[in-house]
Amino acid sequence: MDFRLSDEQRELQEAARGFARAELPAIAAELERDNVPPPRELVKRYARMGFLGVNIPTALGGLGLGNLEALIVLEEFAKISSAVAFPIFESMVGPVRAIEHFGSDSLKQRVVPKVCAGDMIVAVAMSEPEAGSALTDLKTRGVVDGDTVVLSGTKRWCSGGGHADAYVVYCRLSDDPGAKGIGAVLVEQGAPGLSFGPNESLMGFRGIPSADLNFDDCRVPSDNIIVPAGGFRKLMEAFDLERCGNATMALGQASGALEDVINYVQDRKQFGKPLAEFQAVQLKLAEMQMKVDAARLLIWRAAVNAEDGLPSVLESSIGKCFANSIAREVTGDAMQLMGAYGYSKEFPIERRLRDSWGWGIAGGAIDIQKVNIASAMLGRRFDQRR
Ligand SMILES: Cc1cc2nc3c(=O)[nH]c(=O)nc-3n(C[C@H](O)[C@H](O)[C@H](O)COP(=O)(O)OP(=O)(O)OC[C@H]3O[C@@H](n4cnc5c(N)ncnc54)[C@H](O)[C@@H]3O)c2cc1C
């Protein structure tokens, strides 16, 4: 076992870090202030630098590297802000990976290269007003009518809602109950019968638009079916990778906060000496570092053990659960150590704390990860309804 990154991985990390630190902090502050997503020109720049397709096969326009490399890059962007990292999250670990793994060749060719080129942003629409943790209660329905699918229903909390170019929509594609009837369909912006609710106002996640999606006899070609009814397990397998991405976004909030605070406590003097010279501050720094390192190692374990396939539900849920939890603690500690400056909106710490809370709900709440972990540990499924 070797915990060191290879020379190539370190170079990639340094390239992502160098670009993110030099170019993105001011943009992140603007997106936060105006609550708008990154401009398309910036997404195109990410694409030209290869940051949108690190782990996507070269035949589909990516760099053909592994999931570990993708997550290394994603953390460097997430350290700056969730909003500037979000297009990278969506393209490398988001719903487009379900298309790449399970969609038809024609659908893959139509979508994935455009995503790598920064010409298409794909979001995921799973949750509904009455189906959150109990995702298999979802009601949105797709009926195949000749060579089209007709969708009806409402999706909620879709990150990218109203802004993305296309949506991977989980829906019922047969009358089978529960998970058995669920599949997924790609719905492109402008599809007849698709409309959006107002932009949600959330505690954090500013710069990541969120809205309801309404399907009112919305018609899309049947080639847009990514997985038919019965494919819920496949969708969840692809989601195991998204879970590692969510964990990395949470980790980035914590590791970014830790970097800020390390500088701050060495500069800021009270009682005639830098804060770093107080032992209570040193203990806090050590605890924060241990949590960040442990989270990163758990996420990387999930990615490496998957080789270049999809991570296991056990390891991805452990990584997400731990990273989501420590991100809230580390950003909270960082805010405290930075005193009023930490609490001020002039600085990114309070934003990181707010976003950390979001990452621990998005993609499955922290306690739901624990249910996944226990199920995988015991090799059983625990029916939450009985
Ligand atoms: C910032 C953000 C971004 C999001 N982005 C997307 C997106 O892009 N696409 C999308 O489809 N959805 C998205 N979501 C929705 C997200 O997936 C759901 O919020 C999440 O699955 C939880 O569902 P819920 O909010 O309905 O909470 P509920 O399911 O109502 O649960 C509330 C709480 O109850 C507890 N709980 C529920 N069931 C159990 C159980 N069986 N055992 C133990 N505890 C339980 C948990 O603590 C949970 O946090 C996003 C949410 C947030 C906050």
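A residue counts as buried when its relative accessible area is under 20%. The views below show a predicted model.

**Figure 1. Helix α12 and the elements around it.** In helix α12 (residues 349–359), the buried residues are Ile349, Glu350, Arg351, Arg352, Leu353, Arg354, Asp355, Ser356 and Trp359. Because 9 of the 11 residues of helix α12 are buried, the helix is largely enclosed by the rest of the structure. The cover over the buried residues of α12 includes the helices α2 (25–34), α4, α5, α8, α10 (313–337) and α11 (339–343).

**Figure 2. The largest nonpolar core and a second, separate core.** The largest nonpolar core comprises 67 residues, of which Leu24, Tyr46, Phe77 and Val261 touch the most other members. Helix α8 (residues 232–267) is the element that gives the most to this core, contributing 12 residues. A second core of 30 residues is separate and includes Val122, Ala131, Ala184 and Leu186. In soluble globular proteins, nonpolar side chains tend to be buried together. Within the largest core, Tyr46 merits a close view. Apart from neighbours within four places in sequence, tyrosine 46 is in contact with Phe19, Leu24, Phe51, Leu52, Phe77, Val84, Pro87 and Ile88.

**Figure 3. The largest cavity and its lining.** The structure contains 5 cavities of 30 Å³ or more, and the largest cavity has a volume of about 100 Å³. Its lining is formed by 15 residues, and those closest to the centre of the cavity are Pro37, Phe86, Ile121, His163 and Pro209. Helix α5 (residues 82–93) gives the most to this lining, with 4 residues. Sorted by class, the lining of the largest cavity has 10 nonpolar, 4 polar and 1 charged residues.

**Figure 4. Strand β3 with its partners β2 and β7.** Strand β2 (residues 141–145) is joined to β3 by 5 bridges, and the two strands run antiparallel. Valine 143 has valine 150 in β3 as its bridge partner. The hairpin of β2 and β3 has 2 residues between the strands, and glycine 146 takes a positive phi near 65° in this hairpin. Strand β3 (residues 148–159) also runs antiparallel to strand β7 (residues 210–221), with 9 bridges joining the two. Cysteine 158 stands opposite alanine 211 in β7.

**Figure 5. Strand β7 with strand β6.** Strand β6 (residues 194–196) pairs with β7 in the antiparallel sense over 3 bridges. One of the paired positions is phenylalanine 196, whose bridge partner in β7 is leucine 213. Strand β7 also pairs with β3, which is shown in the preceding view.

**Figure 6. Strand β5 with strands β4 and β8.** Strand β5 (residues 182–188) is mostly covered, with 6 of its 7 residues buried. Strand β4 (residues 166–172) pairs with β5 in the antiparallel sense over 7 bridges, and tyrosine 170 stands opposite alanine 184 in β5. Strand β8 (residues 225–227) and β5 are joined by 2 bridges and run antiparallel. Alanine 184 stands opposite valine 227 in β8. Alanine 184 is thus set opposite tyrosine 170 and opposite valine 227, and Ala184 is included in the second core.

**Figure 7. Isoleucine 56 in the loop between α3 and α4.** Isoleucine 56 is found in the loop between α3 (40–48) and α4 (67–80). Its relative accessible area is 0%, so isoleucine 56 is buried. With neighbours within four places in sequence left aside, isoleucine 56 is in contact with Gly62, Leu63, Gly64, Ser91, Arg97, Glu100, Val112 and Cys116. A separation of 40 Å lies between the C-alpha atoms of isoleucine 56 and tyrosine 341, which are 285 residues apart along the chain.

**Figure 8. Valine 54 in the loop between α3 and α4.** The loop between α3 and α4 also holds valine 54. Valine 54 has a relative accessible area of 0% and is therefore buried. Not counting residues up to four places away in sequence, valine 54 touches Leu12, Leu63, Gly64, Leu65, Gly66, Glu69, Ala70, Val73 and Met92. The C-alpha atoms of valine 54 and leucine 202 are separated by 30 Å, and these residues are 148 residues apart along the chain. Leu63 and Gly64 are among the contacts of valine 54 and are also among those of isoleucine 56.

How values were computed
Residues numbered from 1 in each chain as written. Predicted model: local features only at pLDDT ≥ 70, side-chain atom pairs only at ≥ 80, totals over all residues. Heavy atoms only, no water. 1 Å grid on protein atoms, 1.4 Å probe; cavity = no way out; pocket = protein on both sides within 12 Å on 5 of 7 lines; lining within 4 Å. Points joined across faces, edges and corners; volume = space filled by probe spheres on them. Nonpolar A, V, L, I, M, F, W, Y, C, P; charged D, E, K, R; others polar. Pairing = 2+ DSSP bridges. Buried < 20%, exposed > 50% of the residue type's maximum accessible area, 1.4 Å probe, protein only. Contact = heavy atoms within 4.5 Å. Core = buried A, V, L, I, M, F, W, Y, C linked by side-chain atoms within 4.5 Å.
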